[in-house]
Amino acid sequence: MPGIRTFRILIACLTAPLLSAAASAHEGHTHHKHGEHSAAQTATTLAADSDIGETFTKDGKTYRWKHRADLGKQPEAMVAAAKGGLHNNADRDLQSGEVVTVVKDYGLVSLDPELGQWKLVEDQDELFAQGMNAHGADCFLLNGQSYWAFASTNTGEIVVSQRGKIVARLRQPKGDEFDNPTVNAYFAKGGRFTPCDVVFLPKTQSLVCVIGYAPGDFAMSAKISDGEWSWGGAAWGGKVNVGGPFNTAHGVQVQQMDDQEIVEIASRSHGRVYGFTPDGAEVRLPGTAKEYFIQLPDRSTPCNISHLGGQMFLPLLNPLADTDGVAPVLVMKDGKPVGRLIPANHEGLQFMHHMHGFCPVQVGDTLFGVALSWPNGGENKAGKRNDGQIAIFEAVEVQ
């Protein structure tokens with residue numbers, strides 16, 4: 001596979017239907033067909049002779065993604081651990097400016113505010129190096145203190161910490177905690193709990209977790225009382241084949257919309273992003289019409305959701321029809337694509353085939369993106385190499 005691919009287009013207000021296709025099957029991931037819900041998509045309008053794998057538009061300007069190989073330096077042991085086991089997202093501490101994640105069998109790591117170097121967090125709990133991952137990550141403030149929450153699919157729990165000091169481990173619910181009888185019955189019968197992502201709702205003062213790898217496919221809440229976190233409160237959703245809206249609820253994020261807290265959930269195998277109130281009522285997100293979801297371009301498999309500067313960033317697990325067999329990060333504005341990043345286009349990153357996490361970071365006036373790829377074990381065994389890698393990109397304005 002070439003180290004750099006370029007896809008050059010001249011587009012002027014062009015619309016075209018995209019091909020319907022089934023997502024590829026990947027080890028450890030459940031996929032379903034997209035075609036049954038897909039519709040004609042509006043092609044992204046970019047500057048003439050621009051590279052759609054490298055650009056996005058914002059406030060009437062075009063920006064090109066540039067790989068910054070001089071940033072995000074990693075110890076060799078971290079690179080080795082990530083190569084075969086990175087199944088992650090990352091988030092930025094709201095006080096210190098660090099970016100944090102957990103690398104399986106290596107530990108809890110932080111990237112300094114200037115994005116220069118990754119290193120192990122000092123005095124961290126030994127749990128972080130014992131096989132857990134940061135499949136989902138969220139940094140939040142509570143009572144003026146900074147917390148880091150991780151959804152670990154490897155160990156089946158939500159881990160809440162303060163700089164590596166664990167303050168809570170939320171595991172399998174018993175089945176009597178939630179306001180939703182269907183969700184309670186699922187767990188009372190021993191339904192599987194596989195936390196894919198977690199987010200803190202500042203106004204509601206609760207955590208929301210999604211369990212898209214489980215048959216239940218629910219969103220569920222946890223509350224804090226007297227310093228103790230426990231499951232309880234709102235729960236909603238469910239898999240489509242049993243009447244729910246989700247088809248692998250994989251990523252969750254919170255946004256403010258008209259002074260209302262909105263929970264956004266990426267339904268990966270649908271290629272959709274849904275919006276809900278904190279008690280589970282569906283709401284229409286910007287860019288939606290009659291539907292209560294954003295329908296992404298066909299073949300889209302969104303893993304996580306992040307926001308910065310009015311943009312939404314969606315790392316996709318699988319390639320699109322025109323991305324030459326490697327997956328992009330979509331850049332969205334008001335529910336519409338305005339560009340994308342394809343990390344495997346960049347020199348030295350040709351093995352970043354599957355995008356799993358993306359953390360946008362503003363440093364001064366410059367936007368950066370921390371991209372994390374997932375290594376498909378099945379593909380690697382079949383001789384199609386793809387690595388778990390972390391790379392940093394800078395958004396540079398095209399003059």
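Let's start at the side chain of Gln295, which makes a polar contact with the side chain of Arg272, at 3.0 Å. Keep in mind, everyone, that this is a predicted model. A polar atom of that Gln295 side chain also lies 3.2 Å from the backbone oxygen of His270. Gln295 itself belongs to strand E23, which covers residues 293-295. And if you look across to Lys336, 41 residues away from Gln295 in sequence, the C-alpha to C-alpha distance is 9.0 Å.

Now, on to the cysteines. How many disulfides does a search of the whole structure find? Zero. Take Cys139: the closest cysteine sulfur to its own is in Cys359, and at 7.8 Å that is too far for a bond, because a disulfide needs the sulfur atoms within 2.5 Å. Coming from the other side, the sulfur of Cys359 has Cys139 as its closest cysteine partner, again at 7.8 Å. Are these two buried or exposed? Cys139 is buried, at 5% relative accessibility, and Cys359 is buried too, at 3%.

Last stop, the nonpolar cores. The largest has 26 residues, and those with the most contacts inside it are Phe140, Val160, Leu207, Ile211, Met220, Trp229 and Trp231. Let me pick out Trp231. Setting aside neighbours within four places in sequence, Trp231 touches a mixed group of residues, including Ile158, Leu170, Phe178, Phe193, Cys209 and Met220, along with Arg171, Gln172 and Glu177. Apart from that core lies another one, of 20 residues, with Leu71, Met78, Val99 and Tyr106 among them.

Thanks, all, and I'm happy to turn the model around on screen if anyone wants another look.

How values were computed:
Residues numbered from 1 in each chain as written. Predicted model: local features only at pLDDT ≥ 70, side-chain atom pairs only at ≥ 80, totals over all residues. Heavy atoms only, no water. Helix = DSSP H or I, 4+ residues; strand = E, 2+ residues; numbered from the N terminus. Polar contact = N/O pair within 3.5 Å; in protein donor to acceptor, adjacent residues only side chain to side chain. Buried < 20%, exposed > 50% of the residue type's maximum accessible area, 1.4 Å probe, protein only. Core = buried A, V, L, I, M, F, W, Y, C linked by side-chain atoms within 4.5 Å. Contact = heavy atoms within 4.5 Å.
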